[in-house]
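I opened this notebook to record, one lookup at a time, what can be read from the structure below. I began with the place where the chains meet.

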Amino acid sequence: MFPADPPAFDPQRFLRYGVGGHGRLLGLTYHAHGPDWVELHLPYRAELIGDLDSGVLASGPILTMMDMATSMAVWTRIGRFRPHATLDLRIDYLRPATPGKAVFGRGECYRITRSISFVRGQAHDGDPADPLAHVAGTFMFTDAPVEPSVGAGA
Amino acid sequence: MKLPPYADLLGIAPVGGNDPTLLTMPSAYTLLGRPGYLHGGAIGGLLEMAAIIALRHALAADGGGQIKPINVTVDFMRGGREKSTFARGTVTRLGGRVANVEAIAWQDDAAKPIAAARMNYLIVRG
């Protein structure tokens, strides 16, 4: 028998055995979550530097972390997993990451329509009030469209 | 021209030949997101390296200087499969203080990109 009401998507449970592939290479782990946001943890490594002159982290690790965090924020907000694809993701580099400090990435889903979800987030290295990057992006659901539980349009 | 540490982590290297701005990233399990597909972050990382290499070459031929990334926007067009990916950056405008750079990534056919990026860089002239 399947339960009539399956448990809602839980990002902490989803990541309890860690991640594989590229997320494992970077060492991404769960940190915290709320009703419409998920925060992940990226340990500092010198290998993640993208520009030796400035010491700024490459966009790849931040993209990877924020893609995962915002993706899971969508599932957390709707309460279940739905396959989707990243349409676009933008990063504004606000300041260089402090060498040696772990980076936290908080992704938030602030709007969901029938086929598109809108996300934003920030990365910081200890103080959320002093972020090092801001991100904004969109995902498109790749399964059959359903009536949205929140929002309208599109 | 030396690639940043993150490029080594991803296995990114110049293809060689007479175009120093053409990069490749071989397929690896450590680059995957969902099963069978490259992680968007790894593709974005490759695009950024292509942009940086193209800008460094353009800057070297124009008096030199340091670069600081301001922002990057990545459009994902097709899923990246488990095969080699190529990328090339193009400097759209190199100004005194700001550079606009584009980069495009593909696998089998350069006319069918899997992703593209636009980036703005601050230029600090020596």
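**Entry 1: the interface.** I looked up polar contacts in this predicted model and found 11 residue pairs in polar contact across the interface of chain B and chain A, both residues at pLDDT 80 or more. A polar contact here is a pair of N or O atoms within 3.5 Å; within protein, one must be able to donate a hydrogen and the other to accept it, and residues adjacent in sequence count only if both atoms are side-chain atoms. I then looked for salt bridges, meaning a side-chain nitrogen of Lys or Arg within 4 Å of a carboxyl oxygen of Asp or Glu, and the rule finds 0 of them across the interface of chain B and chain A.

I noted which elements of chain B take part: α1 (5-10), α2 (40-60) and β3 (66-76) each supply at least two residues of the side that touches chain A. The largest share of that side, 10 residues, comes from β3(B). Helices (H or I, at least four residues) and strands (E, at least two) are DSSP runs, numbered from the N terminus. By residue class, the side of chain B that touches chain A divides into 17 nonpolar, 8 polar and 4 charged residues, where Ala, Val, Leu, Ile, Met, Phe, Trp, Tyr, Cys and Pro count as nonpolar, Asp, Glu, Lys and Arg as charged, and the others, Gly among them, as polar.

**Entry 2: conventions.** I wrote down that residues are numbered from 1 along each chain as its sequence is written, and that chains are lettered from A and ligands numbered from 1 in the order in which they are written. In this predicted model, local features need pLDDT of at least 70, side-chain atom pairs count only at pLDDT 80 or more, and totals for chains, interfaces and linings use all residues, while side-chain values use heavy atoms, with hydrogens and water left out.

**Entry 3: contact and area.** Counting contact as heavy atoms within 4.5 Å, I found 29 residues of chain B in contact with 31 residues of chain A. Chain B and chain A bury about 2,500 Å² between them, 59% of it on carbon and sulfur atoms; this is the accessible area (1.4 Å probe) that two parts lose on being put together, summed over both. Of the area that chain B buries against chain A, Tyr6(B), Leu9(B) and Phe76(B) supply 21%, more than any other three residues.

**Entry 4: the sheet.** Which strand of chain A joins β3(B)? I found that β5 (residues 84-93) of chain A does, through 5 bridges, and that the two run antiparallel; Asp88(A) stands opposite Asp75(B) there. I followed the sheet outward and read 12 strands in an open, antiparallel arrangement, in the order β1(A)-β2(A)-β6(A)-β7(A)-β8(A)-β5(A)-β3(B)-β6(B)-β5(B)-β4(B)-β2(B)-β1(B), two strands being paired if DSSP finds at least two bridges between them. The edge strands, each paired on one side only, are β1 (29-33) of chain A and β1 (13-14) of chain B.

Within chain A, β5(A) is joined to β8 (residues 133-141) by 9 bridges, and Ile91(A) has Val135(A) as its bridge partner in β8(A). Strand β6 (residues 103-112) of chain A is joined by 6 bridges to β2 (residues 37-42), with His41(A) partnered by Phe104(A). With β7 (residues 116-124), β6(A) shares 8 bridges, and the two form a hairpin with 3 residues between them.

**Entry 5: each chain.** Chain A has 3 helices and 8 strands, whereas chain B has 2 helices and 6 strands. The C-alpha trace of chain A spans about 55 × 35 × 25 Å along its principal axes.
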